[in-house]
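Please open the structure in your viewer and keep the selection tool at hand, since this tour moves from one selection to the next.

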Amino acid sequence: MSSASQGSITIDDPIGDATGVHDIESVTTEVVGGDLVFTIRLADQISPPDAFDNRSILALIDIDLDQTSATGTMSEYSRFAVLGDSGLGAEYVAEAFGASSNALLDASTQLAVGSIAAQYFDTYFTVAIDLADLGGDSDLDYAVTVGDAVLATPSDGLLGSTVAPGQGVIPEPGSAIVWAGIALFVGGAGPRRRLPIRRAKVRRLMNAG
C-alpha cells in the first residue's frame with residue numbers, strides 16, 4: 001500500500017473547452033489531516049447543487065486506487081463519453097450532488113461505503129474524502145466530471161493523478177473524447193446521457209424549483 005502523500009499537485013485545464021456552463025480551470029489534490037481533498041476551480045461563478053439555479057454544479061470523482069485499468073470498473077467519466085475511454089479502472093466514485101446526496105460509492109456495486117464533505121465558494125469547490133475509506137491510500141489516479149445541476153448533463157472533465165504531474169484530458173467536440181451530453185448544447189444527434197442523480201434527489205430538486 002502506498003503511503004499518504006503530503007504535497008499538493010495541481011493540474012491545469014484549458015479554458016473555453018467545456019460543452020456546458022461549467023468550465024474547469026484546475027484541480028488540486030492534497031492530504032489534509034486524514035482526508036484527501038480535491039479543490040476544483042472553475043472559470044466562472046458557481047452555486048451549490050441545492051441552490052438549483054443556472055450556476056448550480058454537480059460533480060463526480062472517479063478513484064482508481066491501483067492506477068490500472070485491469071481492475072475496477074469503467075469510470076463514470078468514460079460513461080459520459082461518446083468516443084474513447086479514460087483508461088481508469090475505478091474502484092470508487094465520489095458523488096457531490098448536494099447536502100443529502102454526498103457519498104463515496106463502491107464503483108462496482110454503486111453502494112455507499114462512506115460519506116464525503118463538499119464546500120462551495122464563488123469560483124471553486126472542495127471535496128474531502130476520508131482516507132480511511134480508501135484504505136489509507138492517497139496515491140491514485142482520478143477523473144473529475146462536472147455538470148449542470150438543472151439539466152443534469154455533463155459540462156467538462158479532467159483526468160489526473162495524485163502522484164505525478166500530468167496534463168488534463170479535456171473532452172471537446174474535436175477531440176477523441178466527446179461528452180454524450182453535448183447534443184443538448186449544440187443540437188447535434190446522438191445519445192443524451194444524463195448525470196446519474198438519484199430519483200428521489202431529482203424529485204426534490206424539481207419540487208424546490
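Begin by selecting Asp-64 together with Asp-141, which is the bridge partner of Asp-64 in strand S12. This is a predicted model, in which local features need pLDDT of at least 70 and side-chain atom pairs count only at pLDDT 80 or more, while totals for chains, interfaces and linings use all residues. Residues are numbered from 1 along each chain as its sequence is written, and side-chain values use heavy atoms, with hydrogens and water left out.

Now extend the selection to residues 57-64, strand S4, and residues 141-148, strand S12, which run antiparallel and are joined by 8 bridges. Strands here are DSSP runs (E, at least two residues), as helices are (H or I, at least four residues), and both are numbered from the N terminus; two strands pair if DSSP finds at least two bridges between them.

Next, show the open sheet to which these strands belong, where 6 strands follow the order S9-S8-S7-S4-S12-S13 with antiparallel pairing. Strand S9 (112-114) and strand S13 (153-161) stand at the edges, and because each has a single partner strand, one side of each is left without a neighbour in the sheet. From one strand to the next the twist averages 25°, an angle between N-to-C directions on a scale from 0 to 180 degrees, with axes that are lines fitted to C-alpha atoms.

Stay with S13, which is joined to S12 by 8 bridges in an antiparallel run; to see one pair, select Val-146 and its bridge partner in S13, Asp-156. The hairpin of S12 and S13 has 4 residues between the strands, and Ala-152 takes a positive phi near 55° there. Is S13 mostly covered or uncovered? Of its 9 residues, 9 are buried, where buried means under 20% relative accessible area, exposed over 50%, and partly exposed in between (1.4 Å probe, protein chains only).

Move on to Gly-135, in the loop between strand S11 (124-130) and S12, which counts as partly exposed at 38% relative accessibility. Add Leu-65 to the selection: the C-alpha atoms of Gly-135 and Leu-65 are separated by 9.3 Å, although the two residues are 70 apart along the chain.

Finish at helix H1 (residues 76-79), where Arg-79 and Glu-76 are 3 residues apart and therefore separated by about one helical turn. Their side chains meet in a salt bridge (3.5 Å, N to O), a term for a side-chain nitrogen of Lys or Arg within 4 Å of a carboxyl oxygen of Asp or Glu. A search of the whole structure finds 1 salt bridge. Arg-79 counts as partly exposed at 30% relative accessibility, whereas Glu-76, at 9%, counts as buried.
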